[in-house]
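Student: I would like a close look at one part of this model, taken slowly and then set among its surroundings. Please treat the structure as you would for a colleague who has it open on the screen.

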Amino acid sequence: MNSTVALTPTRSGEPRIVIIGGGIAGLSAGIFARANGFDATILEKHTILGGQCMGWDRKGYHIDGCIHWLVGTKEGTPMNDLWRSVGALDGVQIHHPETFLTYEHESGTVPIYRDLDRLRDAWVGLSPQDAAATDEFIATIRQLGTFEMETAKPMDMMSLIEKARSMLSMKDAGAILRRYGKVGLAEYAERFRHPAIRAMFATFAPGDYAAAFLFFALATFAQGQSSIPIGGSKALAGRMVERYLTLGGKVETGCEVTGVGIEGRRVTQVTSADGRTFTADHYVAACDAHVVFERLLGGRYRDSAFQRRFNDPRTYPLASNTYIGLGLQADVGEMPRTVRFDCEPIELSGTTVSQITLNHYAYEPGFAPPGCTAMTVALNHFGDAIDHWFALVGDRNAYRREKARVGEAVREAVESHLPRFAGKLTVLDVATPATYARYCNAHRGAFMAFFPTTRSRMMAHTGRIRGINNFVLSGQWLQPPGGLPIAVVTGKDSIQRLCRKLGRPFVSEVAPRTEAR
């Protein structure tokens with residue numbers, strides 16, 4: 001099929017905007033585009049919207065594929081206001097796990113409680129000699145007690161006074177970044193004497209992952225800003241889709257954009273894999289940055305900040321994972337929501353996976369048959385382990401065998417650590433880095449943007465592409481390490497910048513709010 005689709009405005013005179021990608025950033029951009037009088041169409045490769053904020057059903061269970069916790073679940077915070085504006089958390093109950101993680105080591109159990117006093121009691125009870133280090137750890141988390149993500153407008157749109165106020169509000173965050181931004185997790189772990197506490201820090205990410213960013217995550221958790229929306233990832237994305245469609249937004253699914261037509265300094269059209277052509281006045285690429293610069297733009301409009309990061313994976317690593325869905329024919333009892341433990345090595349092309357992170361969804365009874373529990377395991381990968389999966393994709397049978405092998409190895413590891421589950425676990429599905437690339441066009445299967453290391457430099461990109469006036473990048477790649485909050489913020493920011501460019505007032509209030517059920 002080869003046809004041109006000239007997007008017809010739904011109202012006379014509405015500027016037309018095409019949004020490439022129907023993930024959280026694309027949906028956010030679409031919602032704010034409609035709220036601000038643009039004729040908006042989202043072009044999505046997959047058959048459903050949501051991007052990597054997704055879940056799927058297998059054997060009577062629901063596998064939640066994304067949210068482990070979500071920044072912005074606390075009412076009255078700017079991030080929560082934004083999530084509710086786009087419909088994601090409007091009227092939604094929130095589950096508040098008491099622990100961020102519980103690490104079960106052979107020498108002791110290390111829980112990271114939301115209640116920091118309880119955390120201190122547990123850690124000092126386990127290791128009295130680590131009382132001073134524990135107190136420093138907790139004090140650092142508390143120092144970030146007033147930290148909140150900026151959502152009102154991007155820094156490049158602020159006045160001098162607004163920038164000064166923003167910087168002043170970030171003074172504690174800046175102090176933590178200066179103190180711990182160049183301290184890796186492996187180095188930070190050495191402040192503790194107990195082997196279980198040391199090992200717990202080492203399991204979060206590679207040893208040179210900047211410790212500062214762990215403190216930010218734990219601070220939002222301790223404040224109650226980071227919890228889990230009931231219904232999970234797919235339902236959250238679905239509520240945003242509903243908000244967008246209610247506002248009159250249009251969607252084309254099964255529509256992978258593969259080409260961009262450019263005349264002078266303007267994009268004139270985008271073309272899909274099935275030969276359709278879409279024209280508009282403005283374009284937002286709310287998709288993978290590598291795909292945009294290399295595939296869609298053919299390497300002709302490369303950005304130096306992104307190139308520096310893509311070309312230096314040691315300093316700016318990308319993380320993906322192998323994600324295993326498990327069905328438990330039992331109740332988990334008093335098991336913490338997230339448990340991490342050591343396991344027998346699982347080999348992946350010369351790299352070794354030696355820890356399991358197990359999540360259960362007992363708080364979501366609809367995710368499993370009666371009397372059963374949905375569970376997931378994420379094996380985080382960097383470098384060679386990611387390459388391992390892509391090397392197998394060309395041999396479908398070999399790829400399937402390897403998925404089955406890894407899934408069974410994980411099941412055996414869980415049953416070995418938790419013998420009460422022996423014979424009650426079923427492998428439901430195995431997703432790999434290649435899965436994320438196939439369905440979401442995620443470069444190297446990355447689920448977040450560049451991980452911050454002790455050698456990396458922070459980036460806050462506007463999304464503007466040098467040499468093109470009406471085509472911008474949006475999404476989590478603009479502000480590593482990314483994630484859903486950055487995606488929803490940058491989607492809004494892209495429309496906010498466009499409104500300023502066109503001399504239009506920006507409407508930030510999308511719809512009336514509904515109280516949580």
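Which residues line the largest cavity?

Tutor: This is a predicted model, and the confidence attached to the chain is a sensible place to begin: the mean pLDDT is 93, with 96% of the residues reaching 70 or more. Residues 4-10 are an exception to bear in mind, since the pLDDT there is below 50, although the stretch has 22 contacts in the model beyond near neighbours in sequence. Where pLDDT is low, the predicted coordinates should not be read in detail.

Turning to the part you ask about, the structure holds 1 cavity of 30 Å³ or more, and the space in the largest cavity comes to about 40 Å³. Its lining is made up of I112, Y113, L116, L119, I141, L218, F221 and A222. Sorted by class, these are 8 nonpolar residues, with no polar and no charged ones. Three elements, β9 (108-113), α3 (116-126) and α9 (211-222), each contribute at least two residues to that lining, and α9 gives the largest share, with 3 residues.

Helix α9 also leads outward from the cavity to a helix contact. Two packed helices are described by the angle between their axes and the distance between the axes. For α9 and α6 (residues 171-180), the axes come within 8 Å and cross at roughly 145 degrees. On the α6 side the contact involves A173, I176, L177 and Y180, which meet A211, A212, F213, F215 and F216 of α9. The residues of this contact are 9 nonpolar, with no polar and no charged ones among them.

Elsewhere in the chain there is an open sheet of 5 strands, paired in parallel and ordered β11-β3-β2-β15-β21. The strands β11 (250-252) and β21 (471-473) stand at its edges with a single partner strand each, so one side of each is left without a neighbour in the sheet. From one strand to the next, the twist averages 20 degrees. Within this sheet, β2 (residues 16-20) and β3 (residues 39-43) are joined in the parallel sense by 5 bridges, and R16 stands opposite D39 of β3. Two helices lie across β2, β15 and β21: α11 (residues 289-296) runs at about 140 degrees to β21, while α16 (residues 484-502) runs at about 155 degrees to β15. The loop between β21 and α16 contains P481, and the peptide bond joining P480 and P481 is cis, with omega about 5 degrees.

An antiparallel arrangement is found in β17 (residues 338-348) and β18 (residues 351-360), which are joined by 8 bridges, including the one that pairs I346 with V353 in β18. These two strands form a hairpin with 2 residues between them, and S349 in the turn has a positive phi of about 50 degrees. Strand β18 is also paired with β19 (residues 373-381), again in the antiparallel sense, over 3 bridges, with H360 opposite M375 of β19. Another positive phi, about 55 degrees, belongs to K59, which is not a glycine and lies in the loop between β4 (55-58) and β5 (61-64). As background to these backbone details, most residues other than glycine have a negative phi, and most peptide bonds are trans.

Technical notes: Residues numbered from 1 in each chain as written. Predicted model: local features only at pLDDT ≥ 70, side-chain atom pairs only at ≥ 80, totals over all residues. Heavy atoms only, no water. 1 Å grid on protein atoms, 1.4 Å probe; cavity = no way out; pocket = protein on both sides within 12 Å on 5 of 7 lines; lining within 4 Å. Points joined across faces, edges and corners; volume = space filled by probe spheres on them. Helix = DSSP H or I, 4+ residues; strand = E, 2+ residues; numbered from the N terminus. Nonpolar A, V, L, I, M, F, W, Y, C, P; charged D, E, K, R; others polar. Pairing = 2+ DSSP bridges. Axes fitted to C-alpha atoms, helices over the stretch in contact; angles between N-to-C directions. Contact = heavy atoms within 4.5 Å. pLDDT = per-residue confidence, 0-100.
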